[in-house]
Amino acid sequence: MKWEQVKNWPWKRIVIGTAFISSIAASTSFGTYAYFTSQVDDASTFAAGKLEISLGGVSSASFRAEGDQKFLPGVRVQKTMSVENKSDVPVKYALLAKKADGDDILYDQLVAEIRSSDDTLLYHGRVSSLTKANVVIPELDKGGADDLSFTVYLPESTGNEVQQKTADVNFGFLATQQENGDYFAQSGPVMTFTPQDLSGSQLLDTMKLAKRVGEEESAKQKDESAAKGMTFVLAEGSYDLSGLELPKHITWKAAPGQEGKVIIRADELAVQEASFDGIRFEGRGTGLLVGSNVSFRDCVFGSGFEEAIRTAGAEDKQSDESAEGGKFLEGLTVKDSIFEGGGEGIVLNQTIKAVLIAGNTFNGGKHAVVIANDKESQVQIVDNDFTKVSQYAVESDGVRVGDGIDGFKEIEGEVVGTKKLALHLYKADLYLENNKYGR
């Protein structure tokens, strides 16, 4: 055993005994998803293709530590496996894991890191979270093979409660033909977290890891703006990210089935180049300070905010049309989300281009959207429900849009039943369509 493997062990916590895994195996037990009809010679003829992937000609592959040493915190068990596509169609496949036998208390602590043959991070997180098809390899050609590196370990903070426990773990995959676009949605590097993973020193370590992976992706693509984003899948619970500089190109996503139960504390939380999906935000005062390229989908903003979302941190960009000397933000999407009340929902007090506010429900508050009309912002406001806003749906330095304001009601559009309105307010350009207002 190398000294590097043991020098960081929490010796004060490991008093007697050891935690160990009796077996870790990769298998084909998850099988394939039967959706593989393919077109053949005649334009109207279809036939069922063969869908088969395997682990390099074997049905299982065992993990073993060097010398069969005990599985202690800090010891990393590694295995490289070849996934072969023996189908007659290109496939995509999801990586999965499940406990075959043993103790939950140990299984729930295990962490897996999975990398591709070019050392790209595919997954880093709890083994127990690798059960939701949230890691997808989007393409494996007919007759092709992928070499995947699996590393499994216990965090160094693991305590005595796992001593003398065992766990049998199966790693596998679920495959479908590449054209089956509706079955797997997630692709790119994925990390999974519980609230305990994103707290204290673990939080700082996580941010460093995410930043390093982001830099690796940028270096490979030689263009930061084109870097493949990571996805952070968050388990139910509350997360406090106050005071942190969040890494770019991250999608913060609630675990499947836990949408709205993942709470992020947002007290002037600065975000840019980021997406949020299924998250609930709680806080006081101003919640989120948004820069360029931020997206919120299926989120909930609690009633405690005076301003749930506000623009901040304009970046230098060249524009002949901008009266702001080239400084403006761009790219804000707020879709299918709920604002529970308080003060203002979305405040755009800096120049920002390409804003889409669509399909949201505002259950109270003074104003849903506040836009500075002396800024050259471009905003689309479509299919929102403003019926419970207490004052005005859209407020723009004295120009107010809402029910009962003569000259600023949405008018009938080309499609019967839809309403639209385009406004140029001093410098700001607004387009409103098919919104609902109170009576």
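In this predicted model, seven strands form an open sheet in the order S18-S21-S24-S28-S31-S34-S35, and their pairing is mixed. S18 and strand S35 (399-401) stand at the edges of the sheet with a single partner strand each, so one side of each is left without a neighbour there. From one strand to the next, the twist averages 20°.

The part of the sheet that begins at S18 can be followed strand by strand. S18 and S21 pair in the parallel sense, over three bridges. Within this pairing, Leu269 has Leu288 of S21 as its bridge partner. On the way into S18, the chain passes through the loop between strand S17 (262-265) and strand S18 (269-271), where Glu268 is found. The backbone of Glu268 has a positive phi of about 55°, although this residue is not a glycine.

Strand S21 covers residues 285-290 and is mostly covered, with five of its six residues buried. S21 also runs parallel to strand S24 (residues 305-311), to which five bridges join it. Leu288 stands opposite Ile309 in S24. Leu288 is thus a point where two pairings meet, because Leu269 is its bridge partner and Ile309 of S24 stands opposite it, under the rule that two strands pair if at least two bridges are found between them. A further position in S21, Leu289, stands opposite Arg310 in S24. As a general point, the side chains in a regular strand alternate between the two faces of the sheet.

Arg310 leads from the pairing of strands to the pairing of charges. Side chains of opposite charge can pair when their charged atoms come close. Arg310 forms a salt bridge with Glu307, and the closest N and O atoms of the two are 2.9 Å apart. Glu307 counts as buried, at 18% relative accessibility. A search of the whole structure finds eight salt bridges.

Another of these links involves Arg280 and Glu340, whose closest N and O atoms are 2.8 Å apart. Arg280 lies in strand S20 (residues 280-282), while Glu340 lies in the loop between strand S27 (338-339) and strand S28 (344-348), so the pair ties together parts of the chain that are 60 residues apart in sequence. The two partners differ in their cover: Arg280 is buried, with a relative accessible area of 18%, whereas Glu340 counts as partly exposed at 30% relative accessibility.

A further salt bridge joins Arg76 to Glu113, with 3.5 Å between the closest N and O atoms. Arg76 lies in the loop between strand S5 (60-62) and strand S6 (77-85), and Glu113 lies in strand S8, so this pair ties together parts that are 37 residues apart in sequence. Here too the cover of the partners can be stated: Arg76 counts as partly exposed at 42% relative accessibility, and Glu113 is buried, with a relative accessible area of 14%.

The link between Arg76 and Glu113 belongs to a network, in which salt bridges that share partners join Arg76, Glu113, Arg115 and Asp119. Arg115 lies in strand S8, which spans residues 111-115. The relative accessible area of Arg115 is 9%, and this residue is therefore buried, as the limit for that class is under 20%. The side chain of Arg115 also has a polar atom 2.6 Å from the backbone oxygen of Asp119. Arg115 and Asp119 are thus connected through the salt-bridge network and are also brought together by this approach of a side chain to a backbone oxygen, a pair of atoms within 3.5 Å.

Another loop residue deserves a brief mention for its backbone. His249 lies in the loop between strand S15 (237-240) and strand S16 (250-254). Phi of His249 is near 60°, a positive value in a residue other than glycine.

The view may now be widened to the whole chain. The chain has three helices and 39 strands. Of its 439 residues, 49% are buried. Among the contacts with a separation of 6 or more, 64% are between residues 24 or more positions apart. The chain exposes about 20600 Å², and carbon and sulfur atoms supply 45% of that area.

Notes. Residues numbered from 1 in each chain as written. Predicted model: local features only at pLDDT ≥ 70, side-chain atom pairs only at ≥ 80, totals over all residues. Heavy atoms only, no water. Helix = DSSP H or I, 4+ residues; strand = E, 2+ residues; numbered from the N terminus. Buried < 20%, exposed > 50% of the residue type's maximum accessible area, 1.4 Å probe, protein only. Polar contact = N/O pair within 3.5 Å; in protein donor to acceptor, adjacent residues only side chain to side chain. Salt bridge = Lys/Arg side-chain N within 4 Å of Asp/Glu carboxyl O. Contact = heavy atoms within 4.5 Å. Areas by Shrake-Rupley, 256 points an atom, 1.4 Å probe, with all protein chains shown as cover. Axes fitted to C-alpha atoms, helices over the stretch in contact; angles between N-to-C directions.
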